[in-house]
Amino acid sequence: QLVQFIEQLTNWYVRLNRDRLKNSEGDVDDCTRSLSTLYTVLVNLTMLMAPFTPFFTEYMYQILVVPENTVARTLVSTSGAKAAVKSVHFEMIPVANLDLLNKEMETKMKHMQDVINLCRLARGNDLPLKRPIRELILVHEDPNVLETLKDVESYIMSESNVKQITMSTDEKSWCKLNAQADGRVLGAKLGKKFGAVFKAVKQLTHEQLSEFQKVGSIEIEGVTVTTEEIKIHRTVIADTKKYSARVSDANLSVILDIVEDQSLLEEWSAREVVNRIQKLRKSSGVAITDVLDVFIEVIPDDKKSGALEKAIANQKGFFVGRLKRPLLQMNSLGGAVVVGSSDDDVDGTKIRLVLAKPSVIAVSSVSPGAKSLLESMDYEWMKANAKESVSITLDGENVTLKRGIDYYLESTDLV
């Protein structure tokens, strides 16, 4: 159970809350709550694991709890953890607070996990997770099951990389039910009658099988049989050229619309560019909190480079959403301080990426002299003194340049 819990913690809680944990949205209180929750869980998990992994948990405890070993932080007091002893092996096993259990939430998360895992299976090897899908169709005859999924719809869309979710209770339009009598169980129970029951089971309609699942029993040829004796199988009947599907143990059908269009292909290309940028940040050794501008140049070669340039132009909103800043063209780099650079490729098209500290961005319409002067000016001074405009002397004349017209102080001004 501890191993299963660790899997839930790392692959679900941390993964689904990574933006909150990194404070990507700028909500400090929400970030603190999520980090404090994770901290409390880690401390309690360390105590629970101590008898099984004594040395590793002692190492964790010393870092997490013992004051003289911990880095100064506010999370210790926020979480309520107290280092009353010097070793995890002197701690008592935590007592569970059963009042905190929420069965409804657990069921909701179980359905969500089933959907996400089935989406990954439905993609197979031909549709990697980075490639966006137009539509996910969830089919279940019980509207209450679909209703629980609405609360976690955003997580499903993000983790499955789908643009739209459609929910339907019209199972007959999407699935075919087949029943098979369990000969090993019913054969011994019915004897000679088994043959007639076996044939009758094969002839049961969709409606009869659906009702049978709800009630749990059905009378066939004068014999009452249960769901333990008859196995029901669901088969999605959608066009396999257009859809890829899987069915969960809870009879939830997950159907992906795998038809691609130009916008989906462009978003996939944009995701690949973001992936290269993240790799560059990692190789350049910059911190997650470092605010950097990203410049890109698509190396022209053939029709492919034109397609990538078009994708970058059409997916500006996607880049802002992922990078929190717009993706800039290399010709606007100017005199920015470069932190890292790389030559890479996206689907066979070569690109050049540059990470740089934020700097003044001069628009292409200003004169070469003004552009050169703007880009050489101290960025921090400009942020403090040129929020609206700046006056410069150029060829003996005073010239006033306006922010948003002649220059930008933030790449986000370009959005």
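Axes here are lines fitted to C-alpha atoms, for helices over the stretch in contact, and angles run from 0 to 180 degrees between N-to-C directions. Helices (H or I, at least four residues) and strands (E, at least two) are DSSP runs, numbered from the N terminus. You're looking at a predicted model, where local features need pLDDT of at least 70 and side-chain atom pairs count only at pLDDT 80 or more, while totals for chains, interfaces and linings use all residues. Residues are numbered from 1 along each chain as its sequence is written, and side-chain values use heavy atoms, with hydrogens and water left out.

**Stop 1: H6 and H7**

Select residues 103-123 for helix H6 and 143-150 for helix H7. Their axes sit 9 Å apart, and the packing angle is about 85 degrees. That makes H6 and H7 roughly perpendicular to each other (angles under 35 degrees count as roughly parallel, over 145 as roughly antiparallel, 65 to 115 as roughly perpendicular and the rest as oblique). Now show side chains: H6 brings Lys108, His111, Met112 and Val115 to the contact, and H7 brings Val145, Thr148 and Leu149. Contact means heavy atoms within 4.5 Å. Sorted by class, the H6 contact with H7 has 4 nonpolar, 2 polar and 1 charged residues. For that sorting, Ala, Val, Leu, Ile, Met, Phe, Trp, Tyr, Cys and Pro count as nonpolar, Asp, Glu, Lys and Arg as charged, and the others, Gly among them, as polar.

**Stop 2: H8 and what follows**

Next, pick helix H8, residues 153-160. Ile156, Glu159 and Ser160 are buried here (buried means under 20% relative accessible area, exposed over 50%, partly exposed in between, with a 1.4 Å probe and protein chains only). Look down the axis of H8: the buried residues fall within an arc of 90 degrees, so they line one face of the helix. The arc is that of the directions from the helix axis to the C-beta atoms. What do the buried residues of H8 pack against? Helix H1 (2-16), helix H2 (18-21), H6, strand E1 (135-139), H7 and strand E2 (165-168).

Step just past H8 to Asn161, which has a positive phi of about 55 degrees. Most residues other than glycine have a negative phi. Then go on to Gln164, in the loop between H8 and E2. Gln164 counts as partly exposed, at 42% relative accessibility. Draw a C-alpha to C-alpha distance from Gln164 to Glu135: 4.8 Å in space, with their positions 29 residues apart in sequence. Apart from its neighbours within four places in sequence, Gln164 touches Arg134, Glu135, Leu136 and Met157.

**Stop 3: the E2-E1-E8-E7 sheet**

Color the 4 strands of this open sheet, which run in the order E2-E1-E8-E7 with mixed pairing. Two strands pair if DSSP finds at least two bridges between them. At the edges are E2 and strand E7 (243-247), each pairing on one side only. On average, neighbouring strands are turned by 20 degrees against each other, direction ignored. E1 and strand E8 (residues 253-257) are antiparallel and joined by 5 bridges; to see one position, select Leu138, which stands opposite Val254 in E8. Bring H7 back into view: H7 lies across E1 and E2, running at about 160 degrees to E2.

**Stop 4: the E10-E9-E12-E11 sheet**

Another open sheet has 4 strands in the order E10-E9-E12-E11, again with mixed pairing. E10 and strand E11 (338-346) are the edges, each with a single partner strand, so one side of each is left without a neighbour in the sheet. From one strand to the next, the twist averages 30 degrees. Strand E9 (residues 293-298) pairs with E10 in the parallel sense over 3 bridges, and Val294 has Leu327 in E10 as its bridge partner. Add helix H13 (residues 262-284), which packs on the sheet and touches E9, E10, E11 and strand E12 (349-356); the direction of H13 makes about 140 degrees with that of E11.

E11 and E12 run antiparallel, joined by 8 bridges, and Ser342 is partnered by Leu353 in E12. Their hairpin has 2 residues between the strands, and Asp347 takes a positive phi near 50 degrees there.

**Stop 5: two loop residues**

Lys324 is in the loop between helix H15 (316-323) and strand E10 (327-329), with a positive phi near 65 degrees. Is Lys324 buried or partly exposed? Partly exposed, with a relative accessible area of 41%. Finish at Asp395, in the loop between strand E14 (389-394) and strand E15 (397-402). Asp395 has a positive phi near 55 degrees and is exposed, with a relative accessible area of 77%.
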